[in-house]
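Student: I have a structure to go through and some short questions about it. Can we work from the sequence and the coordinates?
Tutor: Yes, put them up and ask.

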Amino acid sequence: MGPVRGWPEAQRDWLEGLRPLQLLGSPCKMNENKPGESQNLACVLCRKNDDCPNQYGEKKTNEKWNLTVHYYCLLMSSGIWQRGKEEEGVYGFLIEDIRKEVNRASKLKCCVCKKNGASIGCVAPRCKRSYHFPCGLQRECIFQFTGNFASFCWHHRPVQIIASNNYGDSLPCTICLEFVEPIPTYNVLRSPCCKNAWFHRECLQVQAINAGMFFFRCTICNNSDVFQKEMLRMGIHIPEKDASWELEENAYQELLQHYEHCDVRRCRCKEGRDYNAPDSKWEIKRCQCCGSSGTHLACSSLRSWEQNWECLECRTIIYNSGDFQKAKKHTLVSANNVGITDCLLEESSPKLPRQSPGSQRKDVLRQGNKYRKDISTILTELAFQIKKKPRRICINKDDIWNSALEGFRNQKFNPVYTIEVTYINENDHFGRDYPGSKQEFLSLLMLHLENSPLFEGSLSKNLSLNSQALKENLYFEAGKMVAISLVHGGPSLGFFSKTLFNCLAYGPENTQPILEDVLDFEVAQIIIRVIKRVQAPFESFKQGLKTLGVLEKIQTYPEVFCDIFCHKPENLSAKILSDLFTVHTLSDVQALNFWNSYLKAVEDGKSTTTMEDILNFATGCNSIPPAGFKPTPSIECLHMDFPVGNKCSNCLTLPITTTYKEFQENMDFAIGNTLRLEKEKSSHYIGP
């Protein structure tokens, strides 16, 4: 190719630079690059040959067209769209589109380096700045890797605003721990959910690339939704991939290895201490406290695997602890020698946690029974096994039980996938469906389960003996539903009797009816016989509760789980709801004042609406789930007559009115009538 004539000098230099790429023209016959030579090829958009994935994204070479491009340069270019499939062209960008974009950019001069080829433009109105991606980074532009992939120059880039700066001294970056000045700048960002959490931009970007969308979250509070939304706004790229440590083959292989060795002084097994025969007297039982010592059942005179066993070291720690009190059985105290005051003051006996991996438990045991975990923390740990991959489940709100049963029994359903609820109506001749709230569905399902024939009793309920339900394996499905509901963000149960819960946590052989369930000794004996009579439903329900590891956690932290199984949630107050709902967007100040006044009026009984009605209207739940709401409930204000509750996003839209009286009347009318219609519609169906 001869010199290009009749072109401006800068544009001629640009085209000269494209010659090794044959002007993106015909494909090369053969990729004749020597090994390592492709690393030196320049990006066709920014003309840099740097290979730095953290800064410019992956450097990709299409050997067929002898074309090299940085992923971020391609992604942020203003005049190109991903029209192909992921495997087509380069990341789904067609070669002909890249050729057109290079041609378009060749006519635009970069306002930083003054060279042609500026493919990225600021999206601010009337701003005509264009630049290469590396030049934009140099001048601290912000590139948003979400939505329309907007780019902002250094004059129009978004900033973080804090109300006041009360930080006198430097604070550490919570990733690298080096100190930063607590002032939001381009290179220093603050967490939107934790006021004392500050980060270097580079630290955040490296962590986002390593963690991916599924594990990138606030390092302090573990929040992901609010945190990711703000970081995307401030130009942090969060790739939609699994974490780097999850992609490493056999990265956690050692965690799958169980300790299998008999450590008692005299091992009776002729096959040796390492012999393990499941479901026999030579099965190895691990220490329920540390999990790093073991014994054959026969070597410690254990009748079954269900019996608790502690190694000598853990037993010594437990009994020498100053806070330890010898465990008692949950026994029935005779009404003849116990007064009513003694009954009310009776404490449940302390139980030791069941198997927990690792010998570190021994250090924890030295603190006695002061060791506690919050229920939300436990459920959050269980929720880590939930994958982002959604599984749709179609639910008929007029027949919650059967539609849920059908969905959970579907071969394609897997409890470790994210549940995506779609509401359907069998009476709709057009077959239309619409997205539903997962937490609303789980709340309706647990409410139906509470009132189903699978349980009997008034307030504190026990399992019933229903031969038809047993035949259809419904007790197993009920236990599975409870486990799935808790891990996926469902509500507290609150209707189990203490006796039923203790049977689940400690085993029927260690449980007798307690005074809270019955005051008459003869009735207690009847209940004991009933417990034995419902052994088959109980075991089936227990097996279902093992789903997602819930039963193991119940047996490890019985006192924590007892609160959500046996006690109803606390009553909502104006302060609780006010703190629960956040205002994400600029809202009408008067409407927000009306909102706070309305909450106070509802709390004082000056409205026909209740706190639970408000929460139900906005989220579909009558109480705050133990694991919290996801996404976080929010408020926005719009010029409309009545409020609107979006249960899928947990967003409550408040009407903007001129007077408080009009605001309260509109709120009462909309909330009251909406919930009344939903209740009337659901009352037409009676469960199994």
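Student: How many disulfides does a search of the whole structure find?
Tutor: The search finds 0 disulfides. Keep in mind that this is a predicted model.

Student: Which cysteine sulfur is nearest to that of Cys141, and how far away is it?
Tutor: That of Cys153, at 6.2 Å. The cut-off for a disulfide is 2.5 Å between the sulfur atoms, and Cys141 is in no disulfide.

Student: And what about Cys269?
Tutor: Cys269 is in no disulfide either. Its nearest cysteine sulfur belongs to Cys267, 5.4 Å away.

Student: Are Cys141 and Cys269 buried or exposed?
Tutor: Cys141 is buried, with a relative accessible area of 1%. Cys269 is buried as well, at 8%.

Student: Changing topic to aromatics. How many aromatic pairs are there?
Tutor: The count comes to 27. One of them is Tyr71 with Tyr72: the ring centres are 6.0 Å apart and the planes stand at 45°, so the pair is tilted.

Student: Why does 45° make it tilted?
Tutor: Planes under 30 degrees apart would count as stacked and over 60 as edge-to-face, so an angle between those limits is tilted. The planes of Tyr71 and Tyr72 are at 45°.

Student: How accessible are Tyr71 and Tyr72?
Tutor: Tyr71 is partly exposed, at 23% relative accessible area. Tyr72 has 4% and counts as buried.

Student: Which aromatic pair links distant parts of the chain?
Tutor: Phe501 and Phe565 do, at 64 residues apart. Phe501 is in helix α17 (residues 498-506) and Phe565 in helix α21 (residues 558-566). This pair is tilted too, with 5.6 Å from centre to centre and 40° between the planes. Phe501 is buried at 1% relative accessibility, and Phe565 is buried at 0%.

Student: Back to Tyr71 and Tyr72. Which aromatic cluster are they in?
Tutor: They belong to one cluster with Tyr56, Tyr91, Tyr131, Phe133, Phe143, Phe145 and Trp154. One of its members, Tyr91, has the charged end of Lys60 over its ring, 5.5 Å from the ring centre.

Student: Where else does a lysine sit over a ring?
Tutor: The charged end of Lys397 sits over the ring of Tyr423, 4.9 Å from its centre.

Student: What does Tyr131 from that cluster contact through its side chain?
Tutor: The side chain of Ser151 makes a polar contact with the side chain of Tyr131, at 2.7 Å. Ser151 lies in strand β6 (residues 151-152) and is buried, with a relative accessible area of 2%.

Student: And what is the backbone doing at Phe149?
Tutor: Phi of Phe149 is near 55°, a positive value in a residue other than glycine. Phe149 sits in the loop between β5 (142-143) and β6 and is partly exposed at 30% relative accessibility.

Student: What about Leu177?
Tutor: Leu177 also has a positive phi, near 70°. Leu177 is in the loop between β7 (171-172) and β8 (179-180) and counts as exposed at 60%.

Student: Where is there a cis peptide bond?
Tutor: Between Lys630 and Pro631, with omega about 0°. Pro631 is in the loop between α24 (611-619) and β19.

Student: Then which strand does β19 join?
Tutor: Strand β19 (residues 634-638) runs parallel to β21, with 5 bridges between them. Leu638 stands opposite Pro655 of β21.

Student: How does β20 pair with β21?
Tutor: Strand β20 (residues 644-646) pairs with β21 in the antiparallel sense over 3 bridges, and Asn646 stands opposite Cys651. Their hairpin has 4 residues between the strands, and there Asn650 takes a positive phi near 55°.

Student: Why call β21 largely enclosed?
Tutor: Because 5 of the 5 residues in β21 (residues 651-655) are buried. Cys651, Thr653 and Pro655 point one way, with Leu652 and Leu654 pointing the other way.

Student: Last one. Which residues of helix α4 are buried?
Tutor: In α4 (residues 95-105) they are Ile95, Asp97, Ile98, Glu101, Val102 and Ala105. They cover an arc of only 155° around the axis, so they are on the same side of α4.

Terms used: Residues numbered from 1 in each chain as written. Predicted model: local features only at pLDDT ≥ 70, side-chain atom pairs only at ≥ 80, totals over all residues. Heavy atoms only, no water. Buried < 20%, exposed > 50% of the residue type's maximum accessible area, 1.4 Å probe, protein only. Helix = DSSP H or I, 4+ residues; strand = E, 2+ residues; numbered from the N terminus. Pairing = 2+ DSSP bridges. Phe/Tyr/Trp six-rings, centres within 6.5 Å; stacked < 30°, edge-to-face > 60°. Lys NZ or Arg CZ within 6 Å of the ring centre and 35° of its normal. Arc of directions from axis to C-beta. Polar contact = N/O pair within 3.5 Å; in protein donor to acceptor, adjacent residues only side chain to side chain.
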